[in-house]
Amino acid sequence: MSSCRRAVTGPRAAAVSGRTPIHSKDSRQSMELVHSGKVRDVYADGDDLVLVASDRVSVYDVVLPTPVPDKGRILTQLSLWWFERLADIMPNHVVSDSDVPAEWAGRAIRCRRLEMMPVEFVARGYLAGSGLAEYRKHATLSGNPLPGGLVEASQLPEPVFTPTTKAAEGHDEPITYDDVAGLIGAETADRLRDATLRIYSRGAELAAERGIVIADTKVEFGRAPDGTLVLADEVLTPDSSRFWPADRWRPGRAQDSLDKQFLRDWSSTVAGWDRTPPGPEIPEDIVEATRARYVECYERITGRRWR
């Protein structure tokens, strides 16, 4: 199994992606493409997997035809930065970030093979997105009662665990903790709920010191052959989380973002697009503005200048 998604091989891999994975003939001589997702490709190489982050972007589960330069490298490097700072909470899947084909340098990670959990593990510290929609209807979040009077972008009294399904196609759907326990067992569900909330809280604390609000985040876990639970895929990136500039956080309205939400908002203005394939081309100014947000997020969180 992939350390990010279930492995898909053969003709189905091409059908899932509808795109040509990023590789050259030489780099694949000893590797097998086992999964091509919306934005990542996974190759088998001996006992390891090589996870390659492309510059593809998706909104509403549709891959858009225009790449965002450097996006894959930014997500990979930011994930590596976070993995180091979360290692005391949960071991991660990274074997090496340098033992990869030269053409993928900076955007690929050699990682462990894992049996992935069939759940997306989500923690929310603020009301936004589908969590806001649920609260407006039921005054709950993943079935958990919340106090009245909260508005869009309100900070929650404490972070809430809000898992979802992991859909092979279409949208992930909200589920409860009890659903998770039914899928993976109560002991594992309890450990991974705790790890998800600790990862979110650690990330939110470190980001706050750098002037960024992390409103929510999604993480993925797998199990190694020896039974160890492992943090996998990406972590605390602009694709897996909502990042807001703290100095512009204003509850009661949509927030300025340093994440993929900017692209979602733009796509909602495209006349005639019904959020089904094919997606619209992204204008050059929107590409540049999206890249700038990813770069700013990386630089503010890590304190490093993007090269």
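The following paragraphs go through a predicted model, from the chain as a whole to two helical regions and one loop residue.

The chain contains seven helices and 16 strands. Of its 307 residues, 54% are buried. Among contacts with a separation of 6 or more, 63% are between residues 24 or more positions apart in the sequence.

Helix α2 covers residues 71-86 and helix α7 covers residues 284-302; their axes come within 10 Å and cross at roughly 20°. Since angles under 35 degrees count as roughly parallel, α2 is therefore roughly parallel to α7. The crossing of these two helices is left-handed. On the α2 side, the contact is formed by K71, I74, L75, Q77, L78, W81 and W82. On the α7 side, Y294, V295, C297, Y298, I301 and T302 take part. By type, the residues of this contact comprise 10 that are nonpolar, two that are polar and one that is charged.

Beyond α2 the chain enters a loop that leads to β6 (94-96), and A87 lies in this loop. A87 has a relative accessible area of 45% and is partly exposed, because that category lies between the limits of 20% for buried and 50% for exposed. A87 and I199 are separated by 112 residues in sequence, yet the C-alpha to C-alpha distance between them is 9.9 Å.

I199 falls within the residue range of α5 (186-208), which is one of the elements that the buried residues of α4 pack against. The other element given for that packing is β9 (119-126).

Helix α4 itself spans residues 177-184, and its buried residues are V180, A181 and I184. Viewed down the helix axis, these buried residues fall within an arc of 100°, so they line one face of α4. An α-helix has 3.6 residues a turn, so residues three or four places apart point the same way. The face of α4 turned away from the buried side carries D178, G182 and L183, which are exposed. Helix α4 thus has a buried face with V180, A181 and I184 and, turned away from it, a face with exposed residues.

After α4 comes G185, which has a positive phi, near 95°. Next in the numbering is α5, which starts at residue 186 and, together with β9, packs against the buried residues of α4.

Technical notes: Residues numbered from 1 in each chain as written. Predicted model: local features only at pLDDT ≥ 70, side-chain atom pairs only at ≥ 80, totals over all residues. Heavy atoms only, no water. Buried < 20%, exposed > 50% of the residue type's maximum accessible area, 1.4 Å probe, protein only. Helix = DSSP H or I, 4+ residues; strand = E, 2+ residues; numbered from the N terminus. Arc of directions from axis to C-beta. Contact = heavy atoms within 4.5 Å. Axes fitted to C-alpha atoms, helices over the stretch in contact; angles between N-to-C directions. Parallel < 35°, antiparallel > 145°, perpendicular 65-115°, else oblique. Left-handed = near helix turned anticlockwise from the far one by under 90°. Nonpolar A, V, L, I, M, F, W, Y, C, P; charged D, E, K, R; others polar.
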